[in-house]
Amino acid sequence: MPSRMVYLSGEYLAEQEAKISIFDSAVMLGDTVTESTRTFRRRPFKLERHIRRLYKSLKVTRIDPGMSPEQMLRTTLDLLERNFPQHEAVESGDSSEDCWIVHNISRGLSIAGADPTRQQGGATVMIFNQPLDLTSWASFYEHGCHAVTAMSRATPSQSLDARIKNRSRLAYTLAEMEVKLVDPLAQGVIVDIQGNIAENKGGNIFAVSEGVLQTPTSANSLAGLSRETVLELADTLGIPTRQTLLQPYDLYTADELFFTSTPYCIMPATQFNGLPVGDGAVGPITQRLLQAWSELVGVDIVKQARNQLPA
Ligand SMILES: Cc1ncc(COP(=O)(O)O)c(C=O)c1O
């Protein structure tokens, strides 16, 4: 994408031209809500659902974006069209054509001083597209990743509701650094203060035990839209599902384990804290779900990621 355009508070600008103040509440306070959507064959996937979740986050955080959900949708599609003209849908497997659509909305210019709720002017609305780089996950579809519990615990929802998709990412980043001390390629499993499995820094967690697909509720994890898609696909495939409390024990003893998130959709895990999950190979339910998702969107998700790896 040579001259990428971005959207900043009412204007479409070349990315180098888009600047925000060092006093923006995004910088001063990490006071920003966010969404990440991806495309499949250039078509945004579940964009309306992402925008609905965005507006829920905005409502709960009392940020007024100064535009309706319909305007946000139109602006998002307009930006996408400027960066990725839609005229031809590309063949599945061409990984260069899909992108990320990111919304970041901060409360706006923060007045430095005693009261962080005092703002000048309206929200800062930022939207950008980015080529979808899947290289760091691509090998996990075949071999599975190593899931490792972080030492730090999840921020309790009583302090910051996990359903608010926000950019205050320090806790997630520190947790991920901890798991990388164990294994540089590990993917973090964050546990809440009661000892229940919560989520990953950017994904939800599923465990398959005796044919039942289980995932934590959104009491301690983001209500992920990939999680929603997996639950929908499981229903279609007749795989029983349960949203429930899970402890590390349930992950140690699971037959299959995987993460879900917008960019990679489903990322299998074949080790948990150094022990094999099930027989140590990517399991059949995980594979069926990946296959069903690929059919749903007309893109071979695994092939698309693999194509990004050096030959
Ligand atoms: C903390 C957290 N949990 C879960 C997810 C997965 O959500 P989704 O499937 O909507 O991408 C994300 C996505 O970025 C996240 O940040």
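Two strands count as paired if DSSP finds at least two bridges between them. In this predicted model, strand S9 (residues 145–153) and strand S10 (residues 187–191) meet that rule, since they run parallel and are joined by four bridges. One of the contacts can be followed residue by residue: Ala 147 has Gln 187 as its bridge partner in S10. S9 is also paired with strand S16 (residues 265–272), again in parallel, through three bridges. Here Cys 145 finds its bridge partner in Ala 269 of S16. Helix H5 completes the picture on the S10 side, where S9, H5 and S10 make a right-handed β-α-β unit.

With these strands in view, the empty spaces of the model can be toured, beginning with the open ones. The largest pocket has a volume of about 580 Å³. Its lining is made of 34 residues, and those nearest the centre are Lys 165, Arg 169, Lys 201, Gly 202 and Ser 261. Two or more lining residues come from each of strand S3 (32–40), strand S5 (99–106), strand S8 (124–131), helix H5 (170–182), helix H6 (225–237) and strand S15 (256–261). Among these, H6 gives the largest share, three residues. Sorted by class, the lining holds twelve nonpolar, 15 polar and seven charged residues. Where does the largest pocket sit with respect to the two domains? It lies between domain 1 (5–131) and domain 2 (140–306), because both give residues to its lining.

The second largest pocket has a volume of about 290 Å³. Of its 15 lining residues, Arg 52, Arg 53, Lys 56, Arg 163 and Ala 223 are closest to the centre. Helix H2 (47–60) and H6 are the elements that give two or more residues to this lining, and the largest share, six residues, belongs to H2. By class, the second largest pocket is lined by five nonpolar, two polar and eight charged residues. Both domains take part here as well: domain 1 (5–131) and domain 2 (140–306) each provide at least three residues of the lining.

Closed spaces come next. Rolling a probe the size of a water molecule over the atoms shows where empty space is left. How many cavities of 30 Å³ or more are there in the model? The count is two. The largest cavity encloses about 60 Å³ of space. Around it stand Arg 38, Phe 40, Phe 45, Lys 46, His 50, Leu 225, Ser 226, Thr 262, Cys 265 and Trp 293. This lining divides into five nonpolar, three polar and two charged residues, with at least two residues supplied by S3 and at least two by H6. Since domain 1 (5–131) and domain 2 (140–306) both contribute to the lining of the largest cavity, this space lies between them.

The second largest cavity has a volume of about 40 Å³. Its lining consists of Asp 255, Glu 256, Leu 257, Pro 268, Ala 269, Thr 270, Val 277, Ala 281, Val 282, Gly 283 and Thr 286. S15 and S16 are the elements that give two or more residues to this lining, and S16 provides the largest share, three residues. In terms of class, six of the lining residues are nonpolar, three are polar and two are charged. A familiar name returns here: Ala 269, which lines the second largest cavity, is also the bridge partner of Cys 145.

Technical notes
Residues numbered from 1 in each chain as written. Predicted model: local features only at pLDDT ≥ 70, side-chain atom pairs only at ≥ 80, totals over all residues. Heavy atoms only, no water. 1 Å grid on protein atoms, 1.4 Å probe; cavity = no way out; pocket = protein on both sides within 12 Å on 5 of 7 lines; lining within 4 Å. Points joined across faces, edges and corners; volume = space filled by probe spheres on them. Nonpolar A, V, L, I, M, F, W, Y, C, P; charged D, E, K, R; others polar. Domains from an automatic or database assignment. Right-handed = clockwise from strand over helix to strand, strands pointing away.
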